[in-house]
Amino acid sequence: MKILKLPREELDLFGAVLQQFGEVHAPVARGDHYVFARLDRWSDAVLDYTRTILPPKKYFLPPCETLLRFRKGKGYEPASEDLDRKMVLFGVHPCDIFGLNILDDVFAGKFPDPYYQARRKNIAIIGIDCVPDEHCFCRSMRADFVDHGFDLFLYDIGDYYLTFVGTARGDDMVLAAGTIFQPVSREDIEEYKRRSEAKRQAFKLDVEIRDLPEIFEMEYHADLWDELGKRCLSCGNCSMVCPTCYCYDVVDEVELGSRDSTRERRWDSCLFSSHALVAGGENFRESGASRIKFRFYHKQRGFVAEYGRPSCIGCGRCIEVCPVNIDIIEVLNLLRGGEHVASS
Ligand code: SF4
Ligand code: SF4
């Protein structure tokens, strides 16, 4: 992998260069929070943000999208208006890039999704490293560092950004910037290693995941699931903000007075009481306990069996948004040996 450095004072200039590659989106402040949004001005970008409310998933799997249109006499036509839109997503944290790599397993693997794949192809990713806060546990989830899934990745090393070039498109961006990228010196490498170690030491949360699937297997009947089921409001907040939750519903909307219709895909959540409701009124996950248990089992056990790693990247978003303080770290640590767990 090619590694260069970008002088900090040239970042604005590089931001202008990136516009050749598509609409530039980056984290911007919204009150006390951050969201990924199109930049009106480069100075709106906040590069030392903690986490955005919604992860970059929203660009690749939008909360609601039209998949097909049906017109009388014409039949079905794929809806693909925005699939060719070129964009640059600037300032994506390593865990969120890891989240996209996990979504690739699902939407670009055995059953490729053309809508997801087209967006993945047309949206460039420029990552940036970060400092963990009190909710981050990406290190435990082995998602604090990414080696693919980005075009460029920037590490702050003081007066420069050490820049990893991940793709040919990333290389084109560097070339388009003329002479502003420079070769890396021994001093830069030592500074990178020093900051990398400091980041490792900065994590406040930790959970051991190596034998978690086996522990989940043994604790399927733990009382903890009923306790969590009583507390959980089934609001679905945790799924909506999760970079790797990908449940969706497909709904046909028929226009009144005509036979025209659209087929829409909308985010869903396995926590919603309607999620497992099927024809005939049967609900195979009627209790809140069964639903929250399913979410944990799918992420920490089922996904490991299928893809070799948990589908949690330790971003901490679900901890931040849960109105009843259900905290994934507490749950995992309780399962590992806390007093609440009592298998029946
Ligand atoms: S489960 Fe929570 S911590 Fe894990 S990736 Fe989803 S939102 Fe982030
Ligand atoms: S955010 Fe909390 S209360 Fe809402 S569905 Fe998730 S676990 Fe339940």
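**Exercise 1.** Which residues are around ligand 1? List them, divide them by class, and place the ligand.

*Solution.* The model is predicted, and its local features need pLDDT of at least 70, side-chain atom pairs count only at pLDDT 80 or more, and totals for chains, interfaces and linings use all residues. Residues are numbered from 1 along each chain as its sequence is written, chains are lettered from A and ligands numbered from 1 in written order, and side-chain values use heavy atoms, without hydrogens and water.

Step 1. A residue is near a molecule if one of its heavy atoms lies within 4 Å of it. Around ligand 1 these are Phe137, Cys242, Pro243, Arg295, Lys299, Cys312, Ile313, Gly314, Cys315, Gly316, Cys318 and Ile328.

Step 2. Ala, Val, Leu, Ile, Met, Phe, Trp, Tyr, Cys and Pro count as nonpolar, Asp, Glu, Lys and Arg as charged, and the others, Gly among them, as polar. The shell of ligand 1 then holds eight nonpolar, two polar and two charged residues.

Step 3. Ligand 1 sits in the second largest cavity. A cavity is a set of points, on a 1 Å grid over the protein atoms alone, where a 1.4 Å probe fits but cannot get out; to sit in it, a molecule needs more than half of its atoms within 2 Å of its grid points.

**Exercise 2.** Are Cys242 and Cys312 buried or exposed?

*Solution.* Buried means under 20% relative accessible area and exposed over 50% (1.4 Å probe, protein chains only). Cys242 has 9% relative accessibility, so Cys242 is buried. Cys312, at 8%, is buried as well. With a disulfide taken as a pair of cysteine sulfur atoms within 2.5 Å, the count is zero.

**Exercise 3.** Describe the surroundings of ligand 2.

*Solution.* Ligand 2 sits in the largest cavity. Of its 13 surrounding residues, Cys232, Cys235, Gly236, Cys238 and Cys322 come nearest. The class division is 10 nonpolar, three polar and no charged.

**Exercise 4.** Characterise the largest pocket.

*Solution.* Step 1. A pocket is an open set of grid points with protein on both sides within 12 Å along at least five of seven lines, and lining residues have an atom within 4 Å of a point. The largest pocket has 31 lining residues, with Leu47, Asp129, Cys130, Val131 and Asp156 nearest its centre.

Step 2. Two or more lining residues come from each of α3 (94-107), β8 (152-156) and α6 (186-202). The largest share, six residues, belongs to α6.

Step 3. By class, the lining has 18 nonpolar, three polar and 10 charged residues.

Definitions and conventions: Helix = DSSP H or I, 4+ residues; strand = E, 2+ residues; numbered from the N terminus.
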